[in-house]
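Got your viewer open? Let's take a walk past some rings and see who sits beside them.

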Amino acid sequence: MHTETLPLISIVIPAKNEGNNVRSTLVSLLQNKTRYPVEIIVVDDGSTDNCCHFLTTEQNTFPVKLITTQGIGAAPARNLGAEHAKGEYLIFCDAHLTFEPYWIDRLMELILNRTADAIAPAIGSINEPHKVGYGQTLDQRLGVVWNPHPQRPVPIAIIPGGCFVIPKSIFLDIGGFDRGFQVWGFEDIEISIKLWLFGYRCYVHPNVKILHLFRNLHPYTVTHTHVYYNMLRMAYSHFNEARIAACKKLILHTDANEIEREVLEYGAAAQRVRYYARRKYDDDWLFRQFRIPF
């Protein structure tokens with residue numbers, strides 16, 4: 001009798017000063033059924049509130065691989081979790097989510113039947129569950145805009161980093177999240193742009209919904225400079241000269257030239273050459289494809 005062997009899935013959850021959210025996210029994750037074998041990796045990125053401490057004392061309740069770091073930032077923490085992953089597929093999740101039964105199985109269908117190379121569920125608000133976004137696009141200031149409800153799985157410009165599935169082989173092929181990013185900002189946008197330009201496809205599955213805690217404030221310090229630095233590094237990696245100049249004009253409250261100098265000092269020009277050499281599409285194609293007015 002043929003029994004199907006399903007591949008191992010590694011769920012990577014970066015956490016920093018998440019209070020009780022890590023516990024509630026893991027409870028929801030472990031309670032909701034899936035047919036797939038799963039390993040859970042939590043990366044405690046220099047938390048000062050002991051939000052992951054319970055994982056060291058409650059291993060029976062929470063079978064989780066815990067990695068602790070000194071505060072390396074959102075993109076590097078996710079990359080580190082992926083490096084420790086044994087699964088053939090990676091799911092990146094924020095540490096403040098609620099899940100539904102068989103959400104993994106339904107997302108995986110679109111990966112396994114080759115519809116998509118990276119797939120996100122619909123994401124609703126924990127506090128206002130009727131408010132739901134279906135992947136994201138960008139506006140004229142490179143701000144994210146949530147998409148309206150499509151009738152079926154569709155391509156999306158930006159895959160929300162709060163929850164998405166990607167084969168580990170593809171994640172490694174594109175080099176993961178940008179390795180030069182600081183603290184927080186633009187990691188979801190950059191990896192989505194890189195996937196599209198390298199010839200991969202990002203989709204949303206409108207009939208799979210998870211809930212996300214949307215906050216007005218970060219539970220740790222993020223400065224304008226960090227966000228602008230990541231934006232300009234992304235621009236140098238993927239955009240033509242006119243778009244790089246447009247990105248510089250978005251930089252307020254701080255010196256754009258100084259940020260540009262720092263971006264170039266940390267290897268963005270060499271990364272640009274590497275990325276341009278291997279991409280299948282250019283940024284004009286992508287922005288046309290999704291009608292992004294930038």
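**Stop one: charges over rings**

Start by selecting R243 and F287: the charged end of R243 sits over the F287 ring, 4.3 Å from the ring's centre. Keep in mind as you look around that this is a predicted model.

Next, pick R279 and Y276. Here R279 lies over the face of Y276, and the distance to the ring centre is 3.7 Å.

**Stop two: rings meeting rings**

Now for the aromatic pairs. How many does a search of the whole structure find? It turns up 14 aromatic pairs. For one of them, select F54 and F62, which meet edge-to-face, with 5.1 Å from centre to centre and 80° between the planes. Check the surroundings too: F54 and F62 are both buried.

Then move on to F92 and F171. Their ring centres are 5.1 Å apart and the planes make an angle of 40°, so this pair counts as tilted, since that label covers angles that are neither under 30 degrees nor over 60.

Switch on the cartoon and see where the two rings come from. F92 belongs to strand β4 (residues 89-93), while F171 belongs to helix α5 (residues 168-173). The pair links distant parts of the chain, as its members are 79 residues apart.

Are these two buried or exposed? F92 is buried, with a relative accessible area of 0%, and F171 is buried as well, at 1%.

**Last stop: the cluster**

Keep F92 and F171 selected and add F164 and F177: these four form one aromatic cluster.

How values were computed. Residues numbered from 1 in each chain as written. Predicted model: local features only at pLDDT ≥ 70, side-chain atom pairs only at ≥ 80, totals over all residues. Heavy atoms only, no water. Phe/Tyr/Trp six-rings, centres within 6.5 Å; stacked < 30°, edge-to-face > 60°. Buried < 20%, exposed > 50% of the residue type's maximum accessible area, 1.4 Å probe, protein only. Helix = DSSP H or I, 4+ residues; strand = E, 2+ residues; numbered from the N terminus. Lys NZ or Arg CZ within 6 Å of the ring centre and 35° of its normal.
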